Amino acid sequence: MSSVIWYLYEFARKSWAENFAVAKTNPEIVETPERFRDFPQVFPDYCISCGACTAACPAPNAIKLVRSEDTAEEEGKAYPVINNRGCIRCGFCAEVCPTDPKTITCGENHLIREEFTILPADRMFIIDDYLCIRCKKCMKACPVYGAIYEEDNKIVIDQSVCISCGECLKNCPVKGAVKGIYVANVQEQKDIINLTVNTLEEAIEEKRDDISHLSDKEVYKFDLPIDELVERARSILANDDLILDTFQKITDRLKLRIVTWDEDKCKKCRLCVDECPSGAITYDEKEDVIKRDTKKCLRCSTCYQTCPFGVAGYYVSRFLLDPPSLEEGVIHITVKASQLPIGAD
Amino acid sequence: MLDGLKDVVRKSSIHVCLINTGGCNGCDIEVVALLSPRYDLEQYGIYVHNNPREADVLLITGAVTEQWKKNLQRIYAKAPEPKVVVTIGNCPLTGDVFNQEGCSVYAPVSDFIPVDAEIPGCPPRPSEILAAILAVGPDAIAAKGRQKP
């Protein structure tokens, strides 16, 4: 009953009668919205003729690279032409277009915005399970619930949740157990590591005369100032935090093995030539000399263990950067003879 | 006098037959959107029948597959004069994404039957379809009706 009354009331209204007589769609609601992705627009001036748009296009007849005719003044330019009869308005061509500004634009959604990059932070934090003592101080310090969790008696950082704040690294009592890895500039980091290791090796090579007298029990110590090293590292990548971090990781972990070569003792028995796994040791028949190529040498100690006359010497060196700063820091180098057994004894 | 009366009647009441000759069905869904209250096709006096014998306008979608080559011409022959053919979407024009190497599609539709209007897009917006039907439909039907067969 109530619905009948409602209908009577509704039909009695003037607006209903008007709408009934002239039924028309409100033009506003059928208008094309701004977000609608229409056919792509081409700006031939920016085109570099790379063909990425044609490769990305899923429709066979939609896009073609055409070349305008050569004139007396300049060569013809190649540019894409969109065939509206084949285009499906997907916008892939605009998405892949590498020019800046874009040769092809199509709607809004091809603009990949900066804030949505996959790596929001420059450092990634991981836990070294070998050094971790499971004190769980990082777990307590972590401001994100579930970013650090325990699994199979291991403490693990969930990279999909981690916000790279670095609290775990600050609160870790063990040096090196939590590692902050710089995810960008990988090639520059490699260059800095190479530079540092080579510099340290050269510094030890210079002291060879002092080292070769070392007995099994003795330890040789000297300091290397890092001013020059820092300058050269900065010329590779001017990021002091990264350089200091790289230096510390190198000095904490590097165990540099040194092979010395005393030619006076050599009796040209050529045992080492056959044993060397990398072919670094060669025998020159003309000059009757055994040569060792330091670039090829793996520092594997095989020659040291093979030689019956003690030509090859084998030493191990460790490092420490103290205090840990680029300005005042000094690398302390400790060299001692290897404890490996020698063939002569 | 009779022609004038026929014109008025034909213009105000257009019957449409929708034919999918082997497409992805996206354009057909856009036509269904046209029928919905938002666009409300019937307010313009356009009615959708899926019967070519009653149709004034044939709306063709899809990229003419092997089986449709003959049947498309049969359907066209069954529609009474005057008739108008409107193709919707890119498939009847170029075959679109189906026209890959080795695919058995025989686009364009104009190889088989005469086409009066084309609506590009994949799929076109309902308002584009509506505008095309309204632009071509009434006058073309009226004009064709006056031609002597």
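**Notebook: chains A and B**

I began with burial in chain A: of its 345 residues, 20% count as buried. I note here that the model is a predicted one.

I then counted the secondary structure of chain A and found twelve helices and 14 strands. I also looked up how far apart in sequence its contacts reach. Taking contacts in chain A between residues at least 6 apart, I find that 66% join residues at least 24 apart.

Next I turned to chain B and asked for the same kinds of entries. Buried residues come to 46% of the 149 residues in chain B. For contacts in chain B with a separation of 6 or more, residues 24 or more positions apart account for 82%. I list five helices and five strands for chain B. Following the sequence of chain B, I wrote down the pattern α-β-α-β-β-α-β-α-β-α.

I wanted to know in which order the strands of chain B lie in the sheet. The sheet is open, has five strands and runs β2-β1-β3-β4-β5, with parallel pairing. At its edges I find β2 (46–49) and β5 (117–119) of chain B, each of which pairs on one side only. I looked up the twist as well: neighbouring strands of this sheet are turned by 25° against each other on average, with direction ignored.

I went on to the pairing at the β5 edge. Strand β4 of chain B, residues 84–88, is joined to β5(B) by three bridges, and the two strands run parallel. I picked out B:Ile88 and found that its bridge partner in β5(B) is B:Ile119.

I then checked one loop residue, B:Ser110. B:Ser110 sits in the loop between α4 (91–94) and β5 of chain B. Is B:Ser110 buried or exposed? I entered B:Ser110 as partly exposed because 13 other C-beta atoms lie within 10 Å, whereas a buried residue would need 20 or more and an exposed one 12 or fewer. I also took a distance from B:Ser110 back to B:Val85, 25 residues away along the chain: their C-alpha atoms are separated by 9.7 Å.

Last, I looked at where the two chains meet. The contact takes 15 residues from chain A and 16 residues from chain B. I sorted the residues on the side of chain B that touches chain A, and they divide into seven polar, five nonpolar and four charged.

Technical notes
Residues are numbered from 1 along each chain as its sequence is written. Chains are lettered from A and ligands numbered from 1 in the order in which they are written. This is a predicted model: local features need pLDDT of at least 70, side-chain atom pairs count only at pLDDT 80 or more; totals for chains, interfaces and linings use all residues. Two strands pair if DSSP finds at least two bridges between them. Helices (H or I, at least four residues) and strands (E, at least two) are DSSP runs, numbered from the N terminus. Axes are lines fitted to C-alpha atoms, for helices over the stretch in contact, and angles run from 0 to 180 degrees between N-to-C directions. Two residues are in contact if their C-beta atoms, placed from the backbone, lie within 7 Å. Ala, Val, Leu, Ile, Met, Phe, Trp, Tyr, Cys and Pro count as nonpolar, Asp, Glu, Lys and Arg as charged, and the others, Gly among them, as polar.
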